Amino acid sequence: MRDWSMMLEHVLVLSAYLFSIGIYGLITSRNMVRALMCLELILNAININFVTFSDFFDSRQLKGDIFSIFVIAIAAAEAAIGLAIISSIFRNRKSTRINQSNLLN
């Protein structure tokens, strides 16, 4: 028999660490690719929470699991579009630094 409360606590701590690392990296990052990677960490922490709470509270209906699959699909599309935009900016500006790419000029 599993100790659900202990497992829930460990998974939530892991998710909080991933979310904190992602937020810290997103705030302090100067590189666009690193900022996208930190955004992916944040989305993965959210997915861990969805799956954990779905398993803990409602294991028969799988609502959190299905919602996390949608978040993964959106994250994949965001990564593809974001990397395409970064590639285009790098081709024109020769830099992927956030503070050097002023696109409004």
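A residue counts as exposed when its relative accessible area is over 50%, as buried when that area is under 20%, and as partly exposed in between. Keep these words in mind as you move through the structure, which is a predicted model.

Begin by selecting Phe-57, which has a relative accessibility of 61% and therefore counts as exposed. Now add Phe-53 to the selection; with a relative accessibility of 33%, Phe-53 counts as partly exposed. Both residues belong to helix 2, which covers residues 32-57, and because they are four residues apart there, about one helical turn separates them. In an α-helix there are 3.6 residues a turn, so residues three or four places apart point the same way.

Next, show the side chains and look at the rings themselves. A pair of aromatic rings is described by the distance of the centres and the angle of the planes. The count of aromatic pairs comes to three. One of them joins Phe-53 and Phe-57, whose rings are stacked, with 5.8 Å from centre to centre and 10 degrees between the planes.

Select Phe-56 as well, a residue that is partly exposed at a relative accessible area of 31%. How are the rings of Phe-56 and Phe-57 arranged? Their centres are 4.8 Å apart and their planes stand at 85 degrees, so this pair is edge-to-face. With the three residues selected together, you can see the cluster into which ring pairs link Phe-53, Phe-56 and Phe-57.

Now widen the view to include helix 3, which runs over residues 63-93, and compare its direction with that of helix 2. The two helices pack at an angle of about 175 degrees, and their axes are 9 Å apart. Helix 2 and helix 3 are therefore roughly antiparallel to each other. If you colour the contact between these helices by residue class, you will find 15 nonpolar, five polar and four charged residues.

Stay with helix 3 and select its buried residues, which are Gly-64, Ser-68, Val-71, Ala-75, Gly-82, Ile-86 and Ile-89. Helix 2 is included in what covers these buried residues. You can also look at the two ends of helix 3: its 31 residues, at 1.5 Å a residue, should span 45 Å, and the end C-alpha atoms are 44 Å apart, which agrees.

Finish the tour at Lys-94, just after helix 3, where the residue takes a positive phi of about 60 degrees.

Note on methods:
Residues are numbered from 1 along each chain as its sequence is written. This is a predicted model: local features need pLDDT of at least 70, side-chain atom pairs count only at pLDDT 80 or more; totals for chains, interfaces and linings use all residues. Side-chain values use heavy atoms; hydrogens and water are left out. Rings of Phe, Tyr and Trp (its six-membered ring) pair if their centres lie within 6.5 Å; planes under 30 degrees apart count as stacked, over 60 as edge-to-face and the rest as tilted. Buried means under 20% relative accessible area, exposed over 50%, partly exposed in between (1.4 Å probe, protein chains only). Axes are lines fitted to C-alpha atoms, for helices over the stretch in contact, and angles run from 0 to 180 degrees between N-to-C directions. Angles under 35 degrees count as roughly parallel, over 145 as roughly antiparallel, 65 to 115 as roughly perpendicular and the rest as oblique. Ala, Val, Leu, Ile, Met, Phe, Trp, Tyr, Cys and Pro count as nonpolar, Asp, Glu, Lys and Arg as charged, and the others, Gly among them, as polar. The expected span of a helix is 1.5 Å times one less than its number of residues. Contact means heavy atoms within 4.5 Å.
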